[in-house]
Amino acid sequence: MLELNHISKTFNPGTVNEKKALRDLSLSLKPGDFATIIGSNGAGKSTLFNAICGDFLTDSGSIVLDGQDITFVPQHIRSKSIGRLYQDPMRGTAPGMTIEENLALAAGRGGWLSHVSKADKERFREQLALLDIGLENRMSQPVGLLSGGQRQALSLLMDTMNPPKLLLLDEHTAALDPGTAAKVLAMTKRVVEENHLTCLMITHNMYSALELGNRTLMMDSGRIVLDISGKEREGLTVAGLLEKFNAGAGKELDNDRILLSGKDN
Ligand SMILES: Nc1ncnc2c1ncn2[C@@H]1O[C@H](COP(=O)(O)OP(=O)(O)OP(=O)(O)O)[C@@H](O)[C@H]1O
């Protein structure tokens with residue numbers, strides 16, 4: 001479903017601020033793969049997502065999505081088949097518009113649904129009810145009134161109501177309190193499984209990195225240094241994952257947020 005072939009990206013080349021953010025990185029995701037990504041500070045995780053979404057063109061390599069070479073396809077075209085959730089719950093929804101209007105926008109994939117019919121409204125209500133947080137009774141309220149967790153849940157629904165070819169989750173629960181984060185993560189798991197989505201999820205939580213999905217990737221210095229799935233992943237502990245990271249990266253993990261994260265945060 002997704003093929004990244006030897007992609008590289010250097011910011012500010014030839015200056016004192018030169019930064020090699022992605023180094024000859026290759027990755028292949030099969031349809032339905034759900035890979036978690038964890039890594040050291042500045043490893044290039046968000047840059048990887050930016051490259052896939054077309055926020056910039058890579059310096060070299062190619063990106064193929066569902067058999068189509070999208071290396072030079074502009075971002076606004078890619079966004080029609082790639083869903084993305086950010087850490088900041090304020091991104092991804094329009095605060096001044098109602099829940100129903102936000103859903104109409106998402107259903108039209110960037111353009112308005114020309115007419116929101118009674119049947120559309122009913123479909124929105126049913127899909128909101130599946131989130132199980134009472135949003136189905138608040139459809140005419142502005143999204144700006146929702147809590148962070150409610151907004152992330154709504155963003156998740158908006159990004160998946162027309163199932164995307166690829167869903168990118170960039171620490172989408174990191175800004176939520178532990179209880180809400182757990183709820184949104186459970187929701188994520190269900191939505192990804194039910195829609196058979198192909199998904200990449202950046203997390204700073206090693207437990208989530210091992211529990212969710214079918215693959216765990218670890219990044220360091222612009223490279224994927226570990227790609228674990230199948231038998232190797234089953235039963236792997238957080239301590240075991242850290243050991244593997246140290247061996248793969250040739251150094252100890254330097255990210256305190258990851259090292260200090262417990263099962264519930
Ligand atoms: N637009 C940019 N211009 C210059 N440097 C950038 C840009 N975007 C990212 N970088 C640099 O590239 C490196 C990788 O950044 P990125 O945000 O991808 O890391 P990350 O793995 O997501 O890190 P963290 O977990 O700390 O958020 C960092 O050194 C960052 O400062």
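This report walks through a predicted model, from its domains to its ligand shell and a few single residues.

## Two domains

Let us start with the overall layout. The domain assignment splits the protein into domain 1, made of residues 2-81 + 164-259, and domain 2, made of residues 96-163. Their C-alpha centres are 27 Å apart.

Where the two domains meet, 16 residues of domain 1 are in contact with 11 residues of domain 2. On the domain 1 side, helix α6 (residues 178-194) gives the most, with six residues. By class, that side of domain 1 holds eight nonpolar, six polar and two charged residues.

## Helices side by side

Helix α6 is a good one to follow further. Its axis and that of helix α5 (residues 148-160) come within 10 Å and cross at roughly 10°. An angle under 35 degrees counts as roughly parallel, so α5 is roughly parallel to α6. From α5, the contact draws on Gly149, Gln152, Ala153, Leu156 and Thr160, while α6 brings Thr180, Lys183, Val184, Met187, Thr188 and Val191. Sorted by class, the residues of this contact are five nonpolar, five polar and one charged.

Helix α5 also has a part to play with helix α3 (residues 99-107). Which residues of α3 are buried? They are Ile99, Asn102, Leu103, Ala104 and Ala106. These buried residues pack against α5 and also against α4 (118-131).

## Around the ligand

Next comes the ligand. Phe11, Asn12, Lys19 and Ala21 are among the residues around the ligand. The shell also includes Gly39, followed by the run Asn41, Gly42, Ala43, Gly44, Lys45, Ser46 and Thr47.

Two elements give two or more residues to this shell, namely β2 (19-29) and α1 (45-53). Which of the elements gives the most? That is α1, with three residues. By class, the shell has seven polar, three nonpolar and two charged residues.

## A look at Asp69

Now for a single residue. Asp69 belongs to strand β5 (residues 68-69). Is Asp69 buried or exposed? Asp69 has 12 other C-beta atoms within 10 Å, and a residue with 12 or fewer counts as exposed, so Asp69 is exposed.

Leaving aside residues up to four places away in sequence, Asp69 touches Ser62 and Val64. There is also a link to another part of the chain to look at: Glu3 and Asp69 are 66 residues apart along the chain, yet their C-alpha atoms are separated by 9.1 Å.

## Two residues with a positive phi

Most residues other than glycine have a negative phi. Two residues here are worth finding with that in mind.

One is His6, which is not a glycine but has a positive phi of about 55°. His6 lies in strand β1 (residues 2-11). With 13 other C-beta atoms within 10 Å, His6 is partly exposed, because the exposed class stops at 12 and the buried class begins at 20.

The other is Glu171, also not a glycine, with a positive phi of about 50°. Where does Glu171 sit? Glu171 is found in the loop between β7 (166-170) and α6. Glu171 has 19 C-beta neighbours inside 10 Å and counts as partly exposed, because a residue needs 20 or more to be buried.

Terms used:
Residues are numbered from 1 along each chain as its sequence is written. This is a predicted model: local features need pLDDT of at least 70, side-chain atom pairs count only at pLDDT 80 or more; totals for chains, interfaces and linings use all residues. A residue is near a molecule or strand if its C-beta atom, placed from the backbone, lies within 6 Å of it. Helices (H or I, at least four residues) and strands (E, at least two) are DSSP runs, numbered from the N terminus. Ala, Val, Leu, Ile, Met, Phe, Trp, Tyr, Cys and Pro count as nonpolar, Asp, Glu, Lys and Arg as charged, and the others, Gly among them, as polar. Domain bounds come from an automatic or database domain assignment. Two residues are in contact if their C-beta atoms, placed from the backbone, lie within 7 Å. Axes are lines fitted to C-alpha atoms, for helices over the stretch in contact, and angles run from 0 to 180 degrees between N-to-C directions. Angles under 35 degrees count as roughly parallel, over 145 as roughly antiparallel, 65 to 115 as roughly perpendicular and the rest as oblique.
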